[in-house]
Amino acid sequence: MLVSSLLLGTIPSDLFGGAAYIFSKYAPMFWYGVKITLLISMSGTIIGILIGLGIGILRTLPVGKRDPLWRKILIRLIHIIATTYVEIFRGTPMIVQAVFFYYGLKPLFNWTALIAGIFIVSINTGAYMAEIIRAGIQSLDIGQNEAARSIGMNNYQTMRYIILPQAIRNAFPAIGNEFVVNIKDTSVLNVIGVTELYFQTSSVAGIIYRFPDTFLVTAILYLVLTFSTTLILKFIEKRMNMPVSSGISSSSTVHILNTDSAKGGIKK
Amino acid sequence: MNILEISHLNKSFGPLEVLRDINMNVEEGEVVSLIGASGSGKSTLLRCINLLESYDAGQILFEGKNIIAARSSINSYRTHVGMIFQSFNLFQHLTVLENCVIGQVKVLKKKKSVADTFARETLSKVGLDDFINAKVTTLSGGQKQRVAIARALCMEPRVLLFDEPTSALDPEMVGEVLTVIQQLAKEKRTMIIVTHEMAFAQEVSDRVVFMDQGVIVEEDKPDILFTNPKMDRTKEFLARFIR
């Protein structure tokens, strides 16, 4: 039936037949959309992680009693700026941010919608990542920090070698979740004309004027993207939590359970 | 020779005075036990010595130098003063060996191979040869505390501070940790031990310091302090402890 429809150039009238027809006829347009969606959500997530690391660390900078006044003021100022950034970007819809920054900064950068899209997803993700990283850092026992200091590590060494490796590991499920959310949320970038999957779908639906069938194709494509990403992340997570081979095994099961519950504590 | 000289140390948490005019010297090679009820300030004193807590007044001299003279030297001072915590505080993401190596490599800037060899020797000394590649989360409490001692020893500290090293342990694991500490005492290491193990304190210490409500009430040789204390508060405390 699909073959005959293709030959005749008519769209089957039922939903699934229509969807199959539309996908096979407009596959290149869909694939192009998938490509752009993945490009933006991936680069946006990676840049977002870097922003989040920076901001998350800045937000947990401690103010010591012995610190000089200028340092106390500086750290307070950094805290205020970082918190403002996080609250603004978590408190406004990405679709509004997209329109505001794309058109607002266009005279300055003269950028394409794609570059603007990556920029917007990055800074938006950065705000969420900052919170995830901060929670990851603060969920660690204060004893980890004290032990590091007690062997003479400075602030940087403590953060780099002791705190961050554990914080990132604890926060990994939440970080992965952000990636999955981004795959879906890049769809709002269609308002500034980024040719991602949603935009491409609208174009196809506009050409043939068959909305449910076309969007069924897109829904399935999004689902495949998010579900396979979830599976990959689960796999990585499992690998990360695997205990390194040890001489003993009797008491290890108990402690593996402990690690899992600790991880659940920071899930948001 | 005094390695540590603490004079007129005061510390408050808000309105609560936890340390009041503490004066205490520790000689090189001496083992000092700090005893007293919970909240008497003994752990706070220990944490002040390692600068994990700041103090409000007074001073601490390490080898004759004020430990907070320069901000930049605090980290290098800490390498000379090893700390063993009640709750172990091992680095959870590292193996037993890595716990002992990371400080040597990152802080003391030793070569990885040199640090590795020294860590293995030290771990062997505390009886953990078979566990060097184990994740610390898989160890028992007693094993964890021995790793913590090895981690501190790997920095080659001049003084070791023990903050209730056996309080978080199951009773059957206390012995293995105390044995290690005893061995260190025999090596003439300078140690300050906060403990509730009175029999152990009596056996291992050169001097016992009894604290109550933020002040040092009495200090003496263990045989004298435990059998023939001078102050009423010491007598009361010991009566409660030794039945």
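**Exercise 1. Work out how many residues each chain gives to the contact between chain B and chain A, and how much area is buried there.**

Solution. Start with the count: chain B brings 39 residues to the contact and chain A brings 30, where contact means heavy atoms within 4.5 Å. A word on the model before going on: it is predicted, so local features need pLDDT of at least 70 and side-chain atom pairs count only at pLDDT 80 or more, while totals for chains, interfaces and linings use all residues. Residues are numbered from 1 along each chain as its sequence is written, chains are lettered from A and ligands numbered from 1 in the order in which they are written, and side-chain values use heavy atoms, leaving out hydrogens and water.

Next comes the area. The size of an interface is often given as the accessible area lost when the parts come together. Between chain B and chain A, about 2,800 Å² is buried, with carbon and sulfur atoms giving 57% of that (buried area is the accessible area, 1.4 Å probe, that two parts lose on being put together, summed over both). On the chain B side, Phe91(B), His93(B) and Thr138(B) lose the most area to chain A, together 20% of what that side buries.

**Exercise 2. Find which charged pair bridges the two chains, and which elements of chain B touch chain A.**

Solution. Across the interface the rule finds 1 salt bridge, meaning a side-chain nitrogen of Lys or Arg within 4 Å of a carboxyl oxygen of Asp or Glu. Arg47(B) pairs with Glu146(A), and their closest N and O atoms are 2.5 Å apart. Now the elements, which are DSSP runs numbered from the N terminus (helices are H or I, at least four residues; strands are E, at least two). Those giving two or more residues to the side of chain B that touches chain A are α2 (74–80), β6 (81–84), α3 (96–106) and α5 (141–153) of chain B. The largest share, 4 residues, comes from α2(B).

**Exercise 3. Follow the salt-bridge network that includes Glu146(A) and Arg47(B).**

Solution. The network links Glu146(A) and Arg47(B) with Lys11(B) and Glu53(B). Within it, Lys11(B) forms a salt bridge with Glu53(B), the closest N and O atoms being 3.8 Å apart. Lys11(B) sits in strand β1 (residues 2–13) of chain B and Glu53(B) in the loop between α1 (42–49) and β4 (57–62) of chain B, so this pair ties together parts 42 residues apart in sequence. Are these two residues buried or exposed? Both Lys11(B) and Glu53(B) are buried (buried means under 20% relative accessible area, exposed over 50%, partly exposed in between; 1.4 Å probe, protein chains only).

**Exercise 4. Describe the pair Lys112(B) and Asp116(B), and say how accessible each residue is.**

Solution. First the distance: the closest N and O atoms of this salt bridge are 3.0 Å apart. Then the placing: both residues lie in helix α4 (residues 112–125) of chain B, and because they are 4 residues apart, about one helical turn separates them. Finally the accessibility: Lys112(B) has 52% relative accessibility and therefore counts as exposed, whereas Asp116(B), at 14%, counts as buried.

**Exercise 5. Do the same for Arg233(B) and Asp212(B).**

Solution. This salt bridge has its closest N and O atoms 3.2 Å apart. It links distant parts of the chain, 21 residues apart: Arg233(B) in helix α9 (residues 232–241) and Asp212(B) in strand β9 (residues 207–212) of chain B. Arg233(B), at 37% relative accessibility, counts as partly exposed, while Asp212(B), at 16%, counts as buried.
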